[in-house]
Amino acid sequence: MSLMNLTATGLGEKIKNKEISAPEAVQAALDAIEAKEAEVNSFVTIDREGAVKRANEVQKLIDEGKLAGPVAGVPVAIKDNMCTEGLLTTCSSKILGNYVPSYTAEAVLNLERAGAVIIGKTNMDEFAMGSTTETSAYGVTKNPWNTGHVPGGSSGGSCAAVAACECPYALGSDTGGSIRQPSSFCGVTGIKPTYGTVSRYGLIAYGSSLDQIGPVAKDVTDCATVLEIIASYDKKDSTSVQRDSYDFTSALVDNVKGMKIGIPSDYFGEGLDSEVKEAVLNAAKELEKKGAIIEEFNLSLVDYAIPAYYIIACAEASSNLARFDGVKYGFRTEDYNGLHNMYKKTRSEGFGAEVKRRIMLGSFVLSSGYYDAYYIKALKTKALIKKAFDNAFSKYDVILGPAAPSTAPALGQSLSDPLKMYLGDIYTISANLAGLPGITVPCGMDSKNLPIGLQILGNCFEEKNIIRAAYSFEQTREYKYSPLA
Amino acid sequence: MANMISDETIEYVGILAKLELDSEEKEQAKKDMGRMLDYIDQLNELDTEGVEPMSHIFPVNNVFREDEVCNGDGREITLANAPERKDDCFVVPKTIV
């Protein structure tokens, strides 16, 4: 068994106890990547040399007693939309194909301060726009459970890398479900924290009011531990929130006695795969057996979350992606005639189809004459959705449901019908609009032997509730390794 | 399809988005956008009269600080990413003809 089959904290413990060295751990990751990348393609960039060098430095600090954290010396993969100084950061786009950042994202810096060793940058949907990791300019990532299927997206590379045991944990980002949905499809665990908990400084922006960075790992313990490390108040992110507490690991308790769990009946209606439904409801029963109080309720407004999301996310994207103009960094077209033609040709050649589609829609809904009808309407809808969750959390500690309507679709099935793909975000998207924390944990397998994920949502700043519920559920089943693990 | 996107609209959106689409891409964009707007239009079922638009979940305030330089000289590392540079400047096509 490879060291990569351990959890991040399990491996960290062995490094701390001097059973394994940090360079040995990194070598195990590089060997695993070497053996599996041809089949999975989780990575855009593998930093072999940098990782080995860094592992030696970290080992020295451990030996000197200067580093003793839970993931010191443990290899990690970073989604390729987080800036890493001196290491190629492409956002899986041609337009950033040669971009080497001059600084490191705050969340990644926090990890490095804790002794993490970055082994590479993971594949994603271009600019995080997609649900399958098929819109990457650097090839499709495959699902380690069945390489004929997608890993989900947009953090598909991070989730596939963890499921294939190429590395013990990874960072992803979640704008509309991009951590929770691929975690579900790949049978791993992922957390999207409350908006403002993890600094967005150095995260290449898609929808700034929705984006959050979070951990992906094999279990809830790893995710809570990593979240505790990456979360911080950051002056450099104007939407960073100074929280009362950054403690998440004390919620790793197998006890849900008296916990009130709401099950939104509108998450279990038409469109939900029957095997997914059964697995998720069985998970609720497990928690009920442990003493949780389960109650069905009507969340309302569920159907309006997707249209509101796509207006807001595309509007913000059209503004955020205006910076890619071929002047200061990235790709520039070869032949052009004057400045504006250079901008237009650079962007048209540098962006893929899905990114262009969203920039166009975003530009349209913000244009004069349509701004009130679309953009303002969406912001009002968001206010109503937030209120619906406020009502729900006045009655329940957490909300439990599926992460996605189905298990991972086969490769090549999704992109031909964008609207249909967008509908797959129905259970994850509202959490981003309302800023809520959410976690996905594996809860079963379907008849195609593909993983099913359980999603637990909490009120803003109540990560501890979702961590406790997820941890308690996790104790009822064994972690299932993918065939590529 | 209820939302028919005209050639003029696509042309205009292309200018706003700074994208150059060939005729095939334009036709596809018209279709995609029309279909998306048809779907989005279901928001009209929702009564939002008197609802305050919510751009941020948490209150966002202006934060003032002294304008002090706190980073070092990042000139070389910044310019290293330039598609084209000359000395300490980014090179762009001629803007005044």
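# A tour of chains A and B

Select A:Ser92, which sits in the loop of chain A between β2 (75-79) and α4 (106-113). This is a predicted model, with scores of ipTM 0.95 and pTM 0.97.

## Stop 1: the backbone at A:Ser92

Stay on A:Ser92 and look at its backbone. Its phi is positive, about 55°, although A:Ser92 is not a glycine. Most residues other than glycine have a negative phi, and most peptide bonds are trans. Is A:Ser92 buried or exposed? A:Ser92 is buried: its relative accessible area is 0%, and the cut-off for buried is under 20%.

## Stop 2: A:Lys18

Now go towards the start of chain A and select A:Lys18. You are in the loop between α1 (8-16) and α2 (22-40) of chain A. A:Lys18 is not a glycine, yet its phi is positive, about 65°.

## Stop 3: a cis peptide bond

Select A:Gly153 and A:Ser154 together. Which kind of peptide bond joins A:Gly153 and A:Ser154? The bond is cis, with omega of about 10°. A:Ser154 belongs to the loop of chain A between β3 (117-122) and α5.

## Stop 4: helix α5

Move on along chain A and select residues 156-163, which form helix α5. How many of the eight residues of this helix are buried? Eight of the eight are, so α5 of chain A is largely enclosed by the rest of the structure. Click through the buried residues of α5(A). You will pass A:Gly156, A:Gly157, A:Ser158 and A:Cys159, among others. The list also includes A:Ala160, A:Ala161, A:Val162 and A:Ala163.

Then select A:Cys165, just after α5(A). Check the backbone angle here: A:Cys165 has a positive phi of about 55°.

## Stop 5: A:Ser245

Next, select A:Ser245. A:Ser245 lies in the loop between α7 (220-230) and β7 (260-264) of chain A. How much of A:Ser245 is accessible? Its relative accessible area is 32%, so A:Ser245 counts as partly exposed. Partly exposed covers the range between under 20% (buried) and over 50% (exposed).

Add A:Gly291 to your selection. In sequence, A:Ser245 and A:Gly291 are 46 residues apart. Draw a line from C-alpha to C-alpha: A:Ser245 and A:Gly291 are 27 Å apart in space.

## Stop 6: A:Thr346 and its contacts

Select A:Thr346. It is part of helix α10 (residues 339-350) of chain A. A:Thr346 is buried, with a relative accessible area of 0%.

Which residues touch A:Thr346, if you leave aside its neighbours within four places in sequence? Show A:Ile95, A:Asp325 and A:Gly326, which are among them. Then add A:Phe331, A:Arg332 and A:Thr333, which are also in contact with A:Thr346.

Keep A:Gly326 on screen. A:Gly326 is 20 residues from A:Thr346 along the chain. Their C-alpha atoms are separated by 6.1 Å.

## Stop 7: chain A as a whole

Zoom out and show chain A as a cartoon. There are 15 helices and 11 strands to find in chain A. The C-alpha trace of chain A spans about 65 × 55 × 45 Å along its principal axes. Chain A has a radius of gyration of 21 Å, which agrees with the value near 23 Å for a compact globule of 485 residues.

Colour chain A by burial. Of its 485 residues, 65% count as buried. Switch on the surface: chain A has about 15,600 Å² of accessible area, and 48% of this belongs to carbon and sulfur atoms.

Now take the contacts between residues of chain A at least 6 apart in sequence: 76% of them join residues at least 24 apart. Colour by charge to finish. Chain A has 48 positive and 56 negative charges, and their mean positions are 4 Å apart.

## Stop 8: chain B

Hide chain A and select chain B. The mean pLDDT of chain B is 92, and 99% of its residues reach 70 or more. Follow chain B from its N terminus, and the elements run α-α-α-β-β. That makes three helices and two strands in chain B.

How does the radius of gyration of chain B stand against a compact globule of 97 residues? Such a globule would have a value near 13 Å, but chain B has 23 Å. The C-alpha atoms of chain B fill a box of roughly 55 × 45 × 25 Å along the principal axes.

Colour chain B by burial too. Of its 97 residues, 31% count as buried. The surface of chain B is about 7,300 Å², with 50% from carbon and sulfur atoms. Last, colour chain B by charge: the mean positions of its 10 positive and 23 negative charges are 9 Å apart.

Definitions and conventions
Residues are numbered from 1 along each chain as its sequence is written. Chains are lettered from A and ligands numbered from 1 in the order in which they are written. This is a predicted model: local features need pLDDT of at least 70, side-chain atom pairs count only at pLDDT 80 or more; totals for chains, interfaces and linings use all residues. Side-chain values use heavy atoms; hydrogens and water are left out. Helices (H or I, at least four residues) and strands (E, at least two) are DSSP runs, numbered from the N terminus. The radius of gyration is taken over C-alpha atoms; the globule rule is 2.2 Å times the number of residues to the power 0.38. Buried means under 20% relative accessible area, exposed over 50%, partly exposed in between (1.4 Å probe, protein chains only). Contact means heavy atoms within 4.5 Å. Accessible areas come from the Shrake-Rupley method with a 1.4 Å probe; for residues, only the protein chains shown count as cover. Lys and Arg count as positive and Asp and Glu as negative; His and the chain ends are not counted. The place of a charge is taken as NZ of Lys, CZ of Arg, CG of Asp or CD of Glu. pLDDT is the predictor's confidence in each residue, from 0 to 100.
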